[in-house]
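Student: Before we go through this one, I would like each label justified by its value and its cut-off. Can we work that way?

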Amino acid sequence: MSVKLANITFDCANAAELAGFYAQLLDLAVDPDANEHFATVGQTSGHAPTLMFIHVPDKTPGKNVVHLDLASDDQPAGIERAIALGAKHIADFDEYGIKWATLADPEGNLFDIAAH
């Protein structure tokens, strides 16, 4: 028996809004029946893993322990696109031969965009 990644789950204040942000960022669609309590991105299109967003009234304070590492053939354009969609650019890094930028989504969850 093997274990595979099925979902990446985000605790959030508004599931449909945050799903919309990531759907636009990744050029995917928010799956049908999304609402402020529960939404997914990529499930109906077969994109794996599915991004799942669940309304949680009291998020755990502090740094999120899971984040997305995204890659772009045009990293500066990817960063600008994320910012235009509501992300905040936190910092740039160049370590171990890899360049990436850390951003925060509209609810403050961190994610990275690396040069592909």
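Tutor: Yes. Asn7 stands opposite Thr50 in E3. Keep in mind that the model is predicted.

Student: What makes E1 and E3 paired strands, and how do they run?

Tutor: Pairing requires at least two bridges found by DSSP. Six bridges join E1 to E3, so the criterion is met. The two strands run parallel.

Student: Why are E1 and E2 called edge strands?

Tutor: The open sheet has three strands in the order E1-E3-E2, with mixed pairing. E1 and E2 each have a single partner strand, so one side of each has no neighbour in the sheet. On average, neighbouring strands here are turned by 20° against each other, direction ignored.

Student: Which helix lies across this sheet's strands, and at what angle to E3?

Tutor: H1 lies across E1, E2 and E3, and runs at about 155° to E3.

Student: What does H1 supply to the largest nonpolar core?

Tutor: That core has 23 residues. Those with the most contacts inside it are Phe10, Tyr22, Leu51, Phe53, Leu68, Leu103 and Phe111. At least two core residues come from each of several elements, among them E1 (7-12), H1 (15-25), E3 (50-55) and H2 (75-84). H1 gives the largest share, seven residues.

Student: Which residues does Tyr22 touch, beyond those up to four places away in sequence?

Tutor: Tyr22 touches Phe10, Leu51, Phe53, Leu68, Asp105, Asn109 and Phe111. Contact here means heavy atoms within 4.5 Å.

Student: How do you know whether Ala82 is buried or exposed?

Tutor: Buried means under 20% relative accessible area. Ala82 has 0% relative accessibility, so Ala82 counts as buried. Leaving aside neighbours within four places in sequence, Ala82 is in contact with Phe21, Leu25, Ala87, Leu103, Phe111 and Ile113.

Student: Ala82 lies in helix H2. Why can the buried residues of H2 be said to line one face?

Tutor: Those residues are Gln75, Gly78, Ile79 and Ala82. Seen down the axis of H2, they fall within an arc of 100°, so they line one face of the helix. In general, an α-helix has 3.6 residues a turn, so residues three or four places apart point the same way.

Student: What do the two sides of H2 look onto or carry?

Tutor: The buried residues of H2 pack against H1, E4, strand E5 (88-95), E6 and E7. The face turned away from the buried side carries the exposed residues Pro76, Glu80 and Ala84. H2 is followed by Gly86, whose phi is positive, near 120°.

Student: What makes the backbone of Asp27 and Asp33 worth listing?

Tutor: Most residues other than glycine have a negative phi. Asp27 has a positive phi of about 55°, and Asp33 a positive phi of about 70°, although neither is a glycine. Asp27 lies in the loop between H1 and E2, as does Asp33.

Student: Why are these two residues called exposed?

Tutor: Exposed means over 50% relative accessible area. Asp27 is at 64%, so Asp27 counts as exposed. Asp33 has a relative accessible area of 73%, so Asp33 is exposed.

Student: How do you know that the peptide bond from Ala48 to Pro49 is cis?

Tutor: Its omega is near -5°, and the bond is cis. Most peptide bonds are trans. Pro49 lies in the loop between E2 and E3.

Conventions: Residues numbered from 1 in each chain as written. Predicted model: local features only at pLDDT ≥ 70, side-chain atom pairs only at ≥ 80, totals over all residues. Heavy atoms only, no water. Core = buried A, V, L, I, M, F, W, Y, C linked by side-chain atoms within 4.5 Å. Buried < 20%, exposed > 50% of the residue type's maximum accessible area, 1.4 Å probe, protein only. Helix = DSSP H or I, 4+ residues; strand = E, 2+ residues; numbered from the N terminus. Axes fitted to C-alpha atoms, helices over the stretch in contact; angles between N-to-C directions. Arc of directions from axis to C-beta.
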